[in-house]
Amino acid sequence: MARAAVLGRLTWQVGTVTEIREESPTARTIVLDVPGWPGHAAGQHVDVRLTADDGYSTQRSYSIASAPAADRLELTVQRLEDGEVSPYLTDILRPGYPLELRGPIGGWFVWDPAEPGPVMLVAGGSGVVPLMSMIRAREEAGSQAPFRLVYSVRSPETVLYAAELERLRQAVDGFQMSYVYTRSGPPGVKVRIGRLTPVVLSAPGWTSETAPAVFICGPTGFVEAAASLLVKAGHEAGAIKTERFGPSGG
Amino acid sequence: MNTHLDGNVLAGPLGEVFAVDITSAMGQCASCGTSAAMGEALVYTDAPGLVARCRTCGEVVLRVNRTAGRTWLDMRGISCLELHTPGE
């Protein structure tokens, strides 16, 4: 599958929306049926292209959220208020609509279920999307790789995949996770509010000594801060893979 | 805002041109000699096109610019590129 994903030049193809799920007040998961889709490697993205009646067209990159599968994939899209593409995808797109896309794209920020782990995932906001693909790929493949997700969100309402993550945390051996709340926490629960700290990143068994492969995804500032904390804590820079998204999105 | 993304954003534009993934290729910076995955480069998207800089020394390693039907690729900042070519 990884081979299919990296060989051959990129070309556009058309998928059909089969389902749209609300993940948060501003994020939707778009389930697509794409005939001939080769599957992907967990962590990869696609480019989505919208074309107006007058021929104007524009494209954006979105991470794949689902586990690798033939002929189908799921994207989770966060609506940006002043965005040009995301408001169409989150508010207007409906099941049955066509969507032009190309991919899978990117061979660097990927996790292969054949790798034994441990794997540490650090997400800032919707940066959790490609990491969710890794978590789902792990489960789908029956991998025993120890996984830990540190997921930084503004508030509980902005959490993506909350129910699924809770189920995984309770039911799946070798999967741990911690939330970091930067603005407000769950009501009635006493939690620390603030940015990522070295303490959150170094849970027992998850220090630099166990040398986990690290994947960090989020806005540029978040990614730089998380990577710098981990390097200071002794993690090898070469074991840390990062993916930044920024203001050019939308 | 003069902020950067990273080499992962090169994958799509260069995937139009090359049959193999560029982001997992190791590129040697012509300026400082450091080898790093192209996915690790710092990429500035607010210039015309995309400008990738070495994350060690900050020099430009690659520039790519596209218009309809045409792509310009300046790779003089890379002295050597090691690509994964599976299937051989």
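So, chain A has six helices and 11 strands. This is a predicted model, by the way, so keep that in mind throughout. The radius of gyration of chain A comes out at 18 Å, close to the 18 Å that the globule rule gives for 250 residues, so chain A is as compact as a globular protein of that length. If you look along the principal axes, the C-alpha trace spans about 55 × 40 × 30 Å. As for burial, 41% of the 250 residues of chain A count as buried. And here's one for the contact-map people: take the contacts in chain A between residues at least 6 apart in sequence, and 75% of them join residues at least 24 apart.

Okay, on to the strands. Have a look at β3 of chain A, residues 45–51, and β4, residues 57–63: they pair antiparallel, with seven bridges. Together β3(A) and β4(A) make a hairpin, with five residues between them. In that turn you'll find Gly55(A), which has a positive phi of about 95°. If you want a register check, Val48(A) has Arg60(A) in β4(A) as its bridge partner.

β3(A) also pairs with β6(A), residues 98–105; that pairing is antiparallel too, with four bridges. There, Arg49(A) sits opposite Glu100(A) of β6(A).

Now the helix I wanted to show you, α6 of chain A, residues 220–232. At 1.5 Å a residue, its 13 residues should span 18 Å, and the end C-alpha atoms are indeed 18 Å apart, so the two agree. Which residues of α6(A) are buried? Those are Phe222(A), Val223(A), Ala226(A), Leu229(A) and Leu230(A). They cover an arc of only 135° around the axis, which is why they end up on the same side of α6(A). Flip to the other side of α6(A) and you get Ser228(A) and Lys232(A), which are exposed.

So what covers the buried residues of α6(A)? The cover includes four strands' worth of familiar labels plus a helix: β7 (119–124), β8 (147–153), β10 (213–219) and β11 (240–245), along with α5 (198–201), of chain A. Just past the end of α6(A), Gly234(A) has a positive phi, about 105°.

Last bit, the contact between the chains. Chain B puts in 23 residues, and chain A puts in 21. On the chain B side, the elements giving two or more residues are β1 (4–6) and α1 (11–15) of chain B. By type, that side of chain B splits into eight nonpolar, 12 polar and three charged residues.

Terms used
Residues are numbered from 1 along each chain as its sequence is written. Chains are lettered from A and ligands numbered from 1 in the order in which they are written. This is a predicted model: local features need pLDDT of at least 70, side-chain atom pairs count only at pLDDT 80 or more; totals for chains, interfaces and linings use all residues. The expected span of a helix is 1.5 Å times one less than its number of residues. A residue is buried if 20 or more other C-beta atoms lie within 10 Å of its own, exposed if 12 or fewer, and partly exposed in between; C-beta atoms are placed from the backbone. The arc is that of the directions from the helix axis to the C-beta atoms. Two residues are in contact if their C-beta atoms, placed from the backbone, lie within 7 Å. Ala, Val, Leu, Ile, Met, Phe, Trp, Tyr, Cys and Pro count as nonpolar, Asp, Glu, Lys and Arg as charged, and the others, Gly among them, as polar. Two strands pair if DSSP finds at least two bridges between them. The radius of gyration is taken over C-alpha atoms; the globule rule is 2.2 Å times the number of residues to the power 0.38.
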